[in-house]
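Q: I would like to learn how to read the main features of a fold. Could we go through them one at a time?

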Amino acid sequence: MSTTLLLIDELCTVVQEATGNLMLETENSNNLTAVQVIPGFLDDDSPKAGKPDSIPVPFVIVRLLSAEDGSQQSTAIVKIIATTYSRHGQGWRDALEVLERIRQTLLTNRTVAKKFRLEFPVKIEVPEERPWPYSVAWMTTAWTIAQPIMKIDYDKDWGGIYGEKY
């Protein structure tokens, strides 16, 4: 499995642990439920018979935005999107509470799975408008990820590495 996919899967586990005991309002009357964590996108499969048309709110999406290789390190940018529901006028607080729990967990343990290191800045954004009764907020994070070790061709016919003799 690729490094970026491993990062997303590990972050989903961290997000689930950070928000596991948080019970939030749902679209179904007065029920409360735990936050569902979704890697990537809400639905990247083709529709199937018997499959619900929508994911129940509240949920968090953990999505890779980009990855970049530099000469010294590789970096992945991951967006963590919280979506909540509330008819009581303060639903935006729920979305921020979800992100704050995740933020606190990540800042307390900046290395995930002994492989990925959280870099600064960590940025939280809230849109100016919201599709009431839903609220959305997101956190953009940067992670140092592993680079493959470069293979060197030891061609003895050409005198070894970079034309040097052994």
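Q: In what order do the six strands of the open sheet lie, and is the pairing parallel, antiparallel or mixed?
A: Strands of a sheet pair through backbone hydrogen bonds, either parallel or antiparallel. Here six strands form an open sheet in the order E3-E4-E5-E8-E7-E6, and the pairing is mixed. E3 and E6 (111-112) are the edge strands, each pairing on one side only. Two strands count as paired if DSSP finds at least two bridges between them. Helices (H or I, at least four residues) and strands (E, at least two) are DSSP runs, numbered from the N terminus.

Q: What kind of model is this, and how are its residues numbered?
A: The model is predicted: local features need pLDDT of at least 70, side-chain atom pairs count only at pLDDT 80 or more, and totals for chains, interfaces and linings use all residues. Residues are numbered from 1 along each chain as its sequence is written, and side-chain values use heavy atoms, with hydrogens and water left out.

Q: How many helices and strands does the protein chain have, and what pattern do they follow?
A: The protein chain has two helices and eight strands. Along the sequence the pattern is α-β-β-β-β-β-α-β-β-β.

Q: How does strand E4 pair with E3 and with E5?
A: Strand E3 (residues 36-39) and strand E4 (residues 59-69) run parallel and are joined by four bridges. Within this pair, Gln 36 stands opposite Phe 59 of E4. E4 and strand E5 (residues 74-85) run antiparallel, with ten bridges between them. One bridge there pairs Leu 64 with Val 78 of E5. The connection from E4 to E5 is a hairpin of four residues.

Q: How many bridges join E5 to E8, and do the strands run parallel or antiparallel?
A: Twelve bridges join E5 to strand E8 (residues 134-145), and the two run antiparallel. Ser 74 has Ile 145 of E8 as its bridge partner.

Q: Which strands do the helices touch?
A: Contact here means heavy atoms within 4.5 Å. H1 packs on the sheet and touches E3, E4, E5, E6, strand E7 (116-125) and E8. The direction of H1 makes about 150° with that of E4. H2 lies across E4, E5, E6, E7 and E8, running at about 15° to E8. Axes are lines fitted to C-alpha atoms, for helices over the stretch in contact, and angles run from 0 to 180 degrees between N-to-C directions.

Q: How should I describe the packing of H1 against H2?
A: Two packed helices are described by the angle between their axes and the distance between the axes. For helix H1 (residues 3-19) and helix H2 (residues 91-108), the angle is about 115° and the axes are 9 Å apart. H1 contributes Leu 11, Val 14, Val 15, Ala 18 and Thr 19 to the contact, and H2 contributes Val 98, Arg 101, Ile 102, Thr 105 and Leu 106. These residues divide into seven nonpolar, two polar and one charged. In this scheme Ala, Val, Leu, Ile, Met, Phe, Trp, Tyr, Cys and Pro count as nonpolar, Asp, Glu, Lys and Arg as charged, and the others, Gly among them, as polar.

Q: Which peptide bonds are cis, and which residues other than glycine have a positive phi?
A: Most residues other than glycine have a negative phi, and most peptide bonds are trans. A cis bond joins Phe 120 and Pro 121, with omega about 5°, and Pro 121 lies in strand E7. The bond from Trp 132 to Pro 133 is also cis, with omega near 10°; Pro 133 is in the loop between E7 and E8. Phi is near 55° for Ala 113 and near 55° for Lys 114. Ala 113 is in the loop between E6 and E7, as is Lys 114.

Q: Are Ala 113 and Lys 114 buried or exposed?
A: Buried means under 20% relative accessible area, exposed over 50%, and partly exposed in between (1.4 Å probe, protein chains only). Ala 113 counts as partly exposed because its relative accessibility is 33%. Lys 114 is exposed, at 83%. Of the 166 residues of the protein chain, 34% count as buried.

Q: Where is Phe 41, and which residues is Phe 41 in contact with?
A: Phe 41 is in the loop between E3 and E4 and is partly exposed at 47% relative accessibility. Leaving aside neighbours within four places in sequence, Phe 41 is in contact with Ile 61 and Arg 63. The C-alpha atoms of Phe 41 and Arg 63 are separated by 7.0 Å, while the residues are 22 apart along the chain.
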